[in-house]
Amino acid sequence: MKAEERRQIIAQTLTADKAISATALAGKFSVSRQIIVGDIALLRAAGMDIVATPRGYKLGESSGLLRTVATIHTKEQVEQELLTIVDNGCTVIDVVVEHPLYGQICGQLSLASRYDVAQYVEKARGTAPLSLLTGGVHLHHLRCPDEAAYQRVCAALDKLGLLYTPEQQNRD
C-alpha cells in the first residue's frame, strides 16, 4: 500500500467520538508507530483537525461552546476536578499552565466521561501533573453543550474550592 493511500484510510478512520492509538494504526497497516506519527503530521499540515489525546488520535470536535476555566488544587484533587467537569456535561479539552521559562505549556486531554477520567487517572498514577509547576493553578479549555453547562461547572468547582478566583490570587 502506498503512503498516500494509507493516509486517506487513516483520515477516514478518525472520528471525533473515539480515539485510536498510533500503535493500533501501525498494526493495522503493518508499519512502525513512527510512520503513523509522520502520517498524522502530514494530515495535520494538510488541514485536518487531529487531536492527540492520552488514548490516541481523534478528530477535533466542532460543536458546542468553547469556554475556559481557571482552577487550583492539589495532585490528590485532580480526579475530583475532572469528574466535576464531565458530570456537569462539559468535555475537558486540555490543561494549560504558564511556565516562567517556557511560557504556556499545554497538554491535550479530551475527557468527556467518567470512563475517560478513570483511564486518565490510572495512566497518570506515579506522574506529576502540569499544575504542580504552578502551585496547582492552571486553565482548562472546555467544550460545553450550552452556557448553562459551563455555569454549572463553575458553580460546582467553586463550591468545592477548586475554582481559581481573584480572591484566591490575592491570598497567594
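What follows is a chat between a trainee and a mentor about this predicted model.

Trainee: Before we dig in, what should I know about the numbering and the confidence cut-offs?

Mentor: Residues are numbered from 1 along each chain as its sequence is written, and side-chain values use heavy atoms, with hydrogens and water left out. Since you asked about cut-offs: this is a predicted model, totals for chains, interfaces and linings use all residues, side-chain atom pairs count only at pLDDT 80 or more, and local features need pLDDT of at least 70.

Trainee: Okay, the sheet. In what order do the four strands sit?

Mentor: Helices (H or I, at least four residues) and strands (E, at least two) are DSSP runs, numbered from the N terminus. Two strands pair if DSSP finds at least two bridges between them. The sheet here is open, its pairing is antiparallel, and its order is β3-β6-β4-β5.

Trainee: Why is one side of β3 and of β5 left without a neighbour in the sheet?

Mentor: Strands of a sheet pair through backbone hydrogen bonds, either parallel or antiparallel. β3 (65-72) and β5 each have a single partner strand, so one side of each has no neighbour in the sheet; both stand at the edges.

Trainee: How many bridges join β4 to β6?

Mentor: Let's go through the pairs. β3 and β6 are antiparallel with eight bridges, and Thr68 stands opposite His141 there. β4 and β5 make a hairpin with three residues between them, paired over seven bridges. For β4 and β6, also antiparallel, the count is five.

Trainee: Which residue in β6 stands opposite Val92?

Mentor: Contact means heavy atoms within 4.5 Å. Leaving out residues up to four places away in sequence, Val92 touches several residues, including Leu82, Ile85, Leu109 and His140. The one standing opposite Val92 in β6 is Leu142.

Trainee: Which two residues touch the most other members of the largest nonpolar core?

Mentor: A nonpolar core is a set of buried Ala, Val, Leu, Ile, Met, Phe, Trp, Tyr and Cys residues joined through side-chain atoms within 4.5 Å. Buried means under 20% relative accessible area, exposed over 50%, partly exposed in between (1.4 Å probe, protein chains only). Of the 23 residues in the largest core, the two are Val92 and Leu142.

Trainee: Which elements give two or more residues to that core?

Mentor: β4 is mostly covered, with eight of its nine residues buried. Another core, of 11 residues, lies apart and has Leu14 and Tyr57 among them. The elements giving two or more residues to the largest core are α4 (78-87), β4 (91-99), β5 (103-111), α5 (114-124), β6 (137-144) and α6 (147-159).

Trainee: At about what angle does α4 run to β6?

Mentor: Axes are lines fitted to C-alpha atoms, for helices over the stretch in contact, and angles run from 0 to 180 degrees between N-to-C directions. α4 lies across β3, β4, β5 and β6, and its angle to β6 is about 20 degrees.

Trainee: How far is the sulfur of Cys154 from that of Cys144?

Mentor: A disulfide is a pair of cysteine sulfur atoms within 2.5 Å, and the count here comes to zero. Cys144 is buried at 1% relative accessibility, and Cys154 is buried too, at 13%. Cys144 has the nearest cysteine sulfur to that of Cys154, at 8.0 Å.

Trainee: Is Ser110 buried or exposed?

Mentor: Most residues other than glycine have a negative phi, and most peptide bonds are trans. Ser110, in strand β5, has a positive phi of about 55 degrees. Ser30 also has a positive phi, near 55 degrees, but counts as exposed at 66% relative accessibility. Ser110, at 8%, is buried.

Trainee: On to charges: which residues join Asp39 in one salt-bridge network?

Mentor: A salt bridge is a side-chain nitrogen of Lys or Arg within 4 Å of a carboxyl oxygen of Asp or Glu, and the structure holds seven. Asp39 meets Arg6 at 2.5 Å, N to O; Asp39 sits in helix α3 and Arg6 in helix α1, 33 residues apart. Asp39 is buried at 2%. Through shared partners, Asp39 is joined with Glu4, Arg6 and Arg7.

Trainee: How many residues apart are Arg67 and Glu147?

Mentor: These two form a salt bridge, with the closest N and O atoms 2.7 Å apart. Arg67 is partly exposed at 27%, and so is Glu147 at 31%. Arg67 is in strand β3 and Glu147 in helix α6, and their separation along the chain is 80 residues.
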